[in-house]
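Student: I have a new model open on my screen and would like to talk it through with you. Could we take it one question at a time?

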Amino acid sequence: MVLNMVSENAIIVFGRRGCCMSHVVKRLLLGLGVNPAVYEVEEKDEVDVTRELETIIGEKQGKVQFPTVFIGGKLFGGLDRIMATHISGELVPILKEAGALWL
């Protein structure tokens with residue numbers, strides 16, 4: 001299920017339901033004109049979803065932390081990476097390349 005969501009969406013945000021950091025990521029992307037797919041993980045499903053995400057990204061990437069953002073079918077990172085690339089001006093070209101932003 002998770003693998004399909006990652007591969008079918010130019011950008012997807014996985015976050016805990018009600019998490020303020022997930023909200024910040026979503027608002028930033030919406031502010032840039034991106035309409036990200038969002039999967040809000042329920043507490044009861046967190047272990048299973050985390051396992052699936054770790055299977056997708058492989059052992060070299062380490063443990064999954066929420067929010068987790070995939071762009072173009074690849075792990076991009078979390079809030080810190082989104083904010084850093086936005087501040088440096090690198091985020092918009094990455095989103096355009098992935099087909100998540102057209103302007």
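Student: Is Asp48 buried, partly exposed or exposed?

Tutor: Happy to start there, and keep in mind that this is a predicted model. Buried would need a relative accessible area under 20% and exposed one over 50%. Asp48 has 45% relative accessibility, so it counts as partly exposed.

Student: Which residue does Asp48 meet in a salt bridge?

Tutor: Look along helix 3, residues 46-57, for a residue 3 places apart from Asp48, about one turn of the helix. That residue is exposed, because its relative accessible area is 52%. The two side chains meet at 3.6 Å, N to O, and the partner of Asp48 is Arg51.

Student: Which residues are joined into one network by salt bridges that share partners?

Tutor: The structure holds 6 salt bridges. Some of them share partners, and these join Arg17, Lys26, Glu40 and Glu42.

Student: How many residues apart in sequence are the parts that Arg17 and Glu40 tie together?

Tutor: Arg17 and Glu40 form a salt bridge, with their closest N and O atoms 2.9 Å apart. Arg17 lies in the loop between strand 1 (11-16) and helix 2 (20-31), while Glu40 lies in strand 2 (residues 37-41), so the parts tied together are 23 residues apart in sequence.

Student: What exposure class does Glu40 fall into?

Tutor: Its salt-bridge partner Arg17 counts as partly exposed because its relative accessibility is 49%. For Glu40 the relative accessible area is 28%, which makes this residue partly exposed.

Student: Lys44 and Asp45 also meet in a salt bridge; which exposure class does Lys44 belong to?

Tutor: The N to O distance in this pair is 3.5 Å. Asp45 has a relative accessible area of 25%, so Asp45 is partly exposed. Lys44 has 68% relative accessibility and therefore counts as exposed.

Student: Let's turn to the sheet. In what order do its 4 strands lie?

Tutor: Strand 1 pairs with strand 2 in the parallel sense over 5 bridges. Strand 1 also pairs with strand 3 (residues 68-71), in the antiparallel sense over 4 bridges. A further 3 bridges join strand 3 to strand 4, and these two run antiparallel. The sheet is open and its pairing mixed, with the order 2-1-3-4.

Student: Which strands stand at the edges?

Tutor: An edge strand here has a single partner strand, so one side of it is left without a neighbour in the sheet. From one strand to the next, the twist averages 25°. The two strands at the edges are strand 2 and strand 4 (74-77).

Student: Which residue in strand 4 is the bridge partner of Phe70?

Tutor: Start on the strand 1 side, where Ile12 stands opposite Phe70 in strand 3. Also between these strands, Ile11 stands opposite Ile71. On the strand 4 side, the bridge partner of Phe70 is Leu75.

Student: Which residue takes a positive phi in the hairpin of strand 3 and strand 4?

Tutor: Before the turn, both faces of strand 3 are covered, with Thr68 and Phe70 buried on one side and Val69 and Ile71 on the other. The hairpin has 2 residues between the strands, and the one with a positive phi near 60° is Gly72.

Student: How many of the 6 residues in strand 1 are buried?

Tutor: You can find this strand by its bridges to strand 2, where Phe14 has Tyr39 as its partner and Arg16 has Val41. Strand 1 is mostly covered, and the number of buried residues is 5.

Student: Is Leu53 buried or exposed?

Tutor: Leu53 is in helix 3. Leaving aside neighbours within four places in sequence, Leu53 is in contact with Val2, Phe14, Val64, Phe66 and Phe70. With a relative accessible area of 0%, Leu53 is buried.

Student: What accessible area do Val24, Met83 and Ile87 have together?

Tutor: Ile87 lies in helix 4 (residues 79-88). Ile87 counts as exposed because its relative accessibility is 67%. With Val24 and Met83 it forms a nonpolar patch on the surface, and their accessible area together is about 260 Å².

How values were computed
Residues numbered from 1 in each chain as written. Predicted model: local features only at pLDDT ≥ 70, side-chain atom pairs only at ≥ 80, totals over all residues. Heavy atoms only, no water. Patch = residues over 30% accessible without salt bridge, like charges linked within 9 Å, V, L, I, M, F, W, Y side chains within 5 Å. Areas by Shrake-Rupley, 256 points an atom, 1.4 Å probe, with all protein chains shown as cover. Salt bridge = Lys/Arg side-chain N within 4 Å of Asp/Glu carboxyl O. Buried < 20%, exposed > 50% of the residue type's maximum accessible area, 1.4 Å probe, protein only. Contact = heavy atoms within 4.5 Å. Pairing = 2+ DSSP bridges. Axes fitted to C-alpha atoms, helices over the stretch in contact; angles between N-to-C directions.
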